[in-house]
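Reader: I've got a structure open and I'd like to talk through its holes, contacts and odd bits of backbone. Could you take me through it?

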Amino acid sequence: MSKVKTDGKMLNATNKLKNEMGRHYLAIEQAYREGKPTAWATAGTPVELLYAMDVQPMLPENSATVSAALSKSQNFIELAEDEGFSYDLCSYFKTNVGAVLSNAEMNVGGTRKPTFMLSSDVICDTHVNWFQVQAERLNVPHFTIDVPHVVSNTTNRQRDYFKKYIAEQLWELLDFITELTGTEYNPEKGYKIALNSYELGKIWQDIYELRKNIPCPVSTRDTFGGLFPLFTMPGLKSPIRLYKKMYEEAKERVDNGIGALKQEDFRLAFMGIPFWYNLRFFSNLEKWNAIIVFETYVYAFSKFANPNITKEIVINYPIETMAELALSFWYIYDLKTRFEKLKETVKDWKIDGIIMHDNLSCRPNACGMYDLKRKLMEESDIPSLVITSDMNDPRKMNETQVLNQIESFMEILRKRKKR
Amino acid sequence: MVKIAYFDACIETPEEILVAADITPIRLFGNPMIGIDEANEHIPPNHCVWARNILQQALKGLSQDIKGIIATHGCDCTNREFDIWLESVNLEFFYFLNAPLKRDNAALKFFMDDIKELIIQLEDKFNVNITTEKINRAIKEMNYIRDLLREISKYRERMILSSSIFHDLVKNVQQMEKDKAKEMLESKLNELKTTKSSLDKKMKKILLTGSVIDDTEFIKFLENLKYHIIIDDLCIGTKYFWNNVDETDDPIRALAKYHLNKPIYSTKFPSYERFKTLKTLAEQYNVDGIINIAQKFCEPVLYSHPYFSKKFRELGIPYLFVEMEYNRESYRQLTTRFEAFAEMI
């Protein structure tokens, strides 16, 4: 008997995600019990190198989303604001500050004092500032990786020395960890971890490939949650097994012509970070028989989207691979590349329209969004809707207003379908 | 003479390279008197007001003799804005200079590579030859300008020169042909040598820090409230002439080192090091207090404020933090806060 669900909801395999995250938190607890080194890391840093150096990573952004999902983030954010941090600063950052101040448990988004912190400006300055603030408050060492800013007219010649600079810092990072923990980099282990990370990213991309099918077999119910192992466990074996199960189940749906929605009238892309405190918001789209089939933010963390990075390169040059990937990360693409990639994505995933989240906490992502929207419409006849809200601060979401905007947008899409 | 503008949230653009190419560097400043409706069509309203203001001017059209722009790595907002310039602003030359976040040897090498790339692109575009000799000459010229500014700054310290006139001078130097800037500074210095102080000695001696503060009217506003900016760590201020470029080293290396060795900006890492500079300056100049200004939505300054507040409280140095809109109306609205601080110190 087929295991495929027919009610158009979550994949069964996604339910196992809780076990995977449980395994991650258990590993953190175990590291503390056994006195092993631990590190906070920001999204976009090469977490694989931490695993390769026997350091247990913790990602405060991931923890912040847990707080939001449990309706705890606002309280933590307000605690941080009481400390003098502005209303306008990143809500992940403030959630983390508040959670640490309250000694929150890990199951509500708390985290533990690490051996050291690892940040990078690959996504935003906030990551570097955030860990600078917390490293000072918790009195722990902090290493940051400076990733040069790629713009629309950056040349290949420039990319070469950008890459060299990043790679040099990654080697310095390994020395920094050795100095702190005594662990030397083991190339054999580094290679295995890089390979696992590659496999994890590639299966995730395979799942996205399946989403090109009509009807789409996988919805945001699976992807927004399913992305966490990409953040926290790249390089480990166990999330690969989970993703393989997700893939198999999605494939079975495709083979049987079953979609995540019973009736799929509109296919959408979502750009930006979701509102973690209100994920049910995305279920509203089902009212219009609309499904999100591509999320740029979630896809970005599959990392290995650069066609120049082959499995052979990953195996033979794991450090250089990390350097190259830092320069070609979906979430931070320059405006020209963002436009080109979105255009391709719309075509390949047969997307009717794009919802762009002008996230009050994520200025690097929001900057250029208006131009992108205009250019997509003018040059490629692709409609987009910009909605303004925040990823972790529920005070900054006006749900009724956003729903009204979406209703109007869906009406536009409906009319376009009739053309 | 060809002019190239630079958009810099700090002051890490090596003007010497442009001078060596016979190009006049023109630093872009905001204009708090204009509306920014066109810029708001490109950038959401919760992004840095100053950066949006400069985009507005560019969209409206910069001076006709400005042929290009160098945007120098600053914060998320200024960095991301560059691609919008590329899309929407009509200029012949665009270069994003990746002034590094860090201050170590790897960063130095990287910065040198990026300055060399700037030279290559300028030579290609403007058919010029930027030789080592020409850069060395430009370094000497700029060092002389820095020497003059340091000399003139001493008159501000002795309360002979008002902080607003000084601010205006530094701004002008960043927008003039350097020959003319030299003449202007030499003349000012000569004038100051025979000037007697007319400033009220009871004015509060302040160390001013924070975001880019480019509106001289704001400095005048503070003066009217009886503050004298005896010292600052601003890029339109002391950071522009903090020290000199080494004239004995390889010029590209010397330029990169010069910019990385200055006191750190709030946009660079570790920005908390700024505290040490501020503490040293506060003690050296025996200031009555420190004023830290954040332009609205200036994230780098917003992140460091609670730390500074704690550290200055521990030291017993009066510290005022003000978040400010980029328009003159907002100055008046802040009068009470500044008056209260003056009372307190």
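Reader: Let's start inside: how many cavities of 30 Å³ or more does the count come to?

Author: First, a caveat: this is a predicted model, where local features need pLDDT of at least 70, side-chain atom pairs count only at pLDDT 80 or more, and totals for chains, interfaces and linings use all residues. Residues are numbered from 1 along each chain as its sequence is written, chains are lettered from A and ligands numbered from 1 in the order in which they are written, and side-chain values use heavy atoms, with hydrogens and water left out. On a 1 Å grid over the protein atoms alone, a cavity is a set of points where a 1.4 Å probe fits but cannot get out; points are joined across faces, edges and corners, and a volume is the space filled by probe spheres set on them. By that rule, the count is twelve.

Reader: Which residues are closest to the centre of the largest cavity?

Author: That cavity has a volume of about 310 Å³. Its lining, meaning residues with an atom within 4 Å of a point, divides into 14 nonpolar, seven polar and seven charged residues (Ala, Val, Leu, Ile, Met, Phe, Trp, Tyr, Cys and Pro count as nonpolar, Asp, Glu, Lys and Arg as charged, the others, Gly among them, as polar). Of the 28 lining residues, the closest to the centre are Ala9(B), Ser211(B), Ser266(B), Thr267(B) and Cys298(B).

Reader: On to open space: which element gives the most to the lining of the largest pocket?

Author: A pocket here is an open set of points with protein on both sides within 12 Å along at least five of seven lines, and the largest has a volume of about 740 Å³. Among its 30 lining residues, Leu17(A), Phe224(A), Gly225(A), Phe228(A) and Leu279(A) are the closest to the centre. Helices and strands are DSSP runs numbered from the N terminus (H or I, at least four residues; E, at least two). With five residues, the top contributor is helix 1 of chain A.

Reader: And the second largest pocket: how many charged residues are in its lining?

Author: This one has a volume of about 490 Å³. Asn156(A), Arg159(A), Asn308(A), Glu324(A) and Ser328(A) lie nearest its centre, and at least three lining residues come from each of domain 1 and domain 2 of chain A. The lining has six nonpolar and seven polar residues, and the charged ones number eight.

Reader: What area is buried between those two domains?

Author: An automatic or database domain assignment sets the bounds, giving domain 1 (2-11 + 190-417) and domain 2 (15-186). Their centres, taken over C-alpha atoms, are 23 Å apart, and 47 residues of domain 1 of chain A contact 54 of domain 2 of chain A, with contact meaning heavy atoms within 4.5 Å. Buried area is the accessible area (1.4 Å probe) that two parts lose on being put together, summed over both. Carbon and sulfur atoms give 64% of it, and the total is about 4300 Å².

Reader: Across chain A and chain B, how many salt bridges does the rule find?

Author: The chains meet through 53 residues from chain A and 54 from chain B, burying about 4700 Å². A salt bridge needs a side-chain nitrogen of Lys or Arg within 4 Å of a carboxyl oxygen of Asp or Glu. One example is Lys310(B) with Glu136(A), 3.2 Å between the closest N and O atoms. Across this interface, the tally is six.

Reader: How far apart in sequence are the parts that Asp54(A) and Lys189(A) tie together?

Author: The two side chains form a salt bridge, with the closest N and O atoms 2.3 Å apart. Asp54(A) sits in the loop between helix 2 and strand 2 of chain A while Lys189(A) is in helix 8 of chain A, so the pair links parts separated by 135 residues.

Reader: Any backbone oddities? Which residue is joined to Ile214(A) by a cis peptide bond?

Author: Most residues other than glycine have a negative phi, and most peptide bonds are trans. Asn289(A) has a positive phi, near 55°, and a cis bond joins Phe269(B) and Pro270(B), with omega about -5°. For Ile214(A), the cis bond also has omega about -5°, and its partner is Pro215(A).
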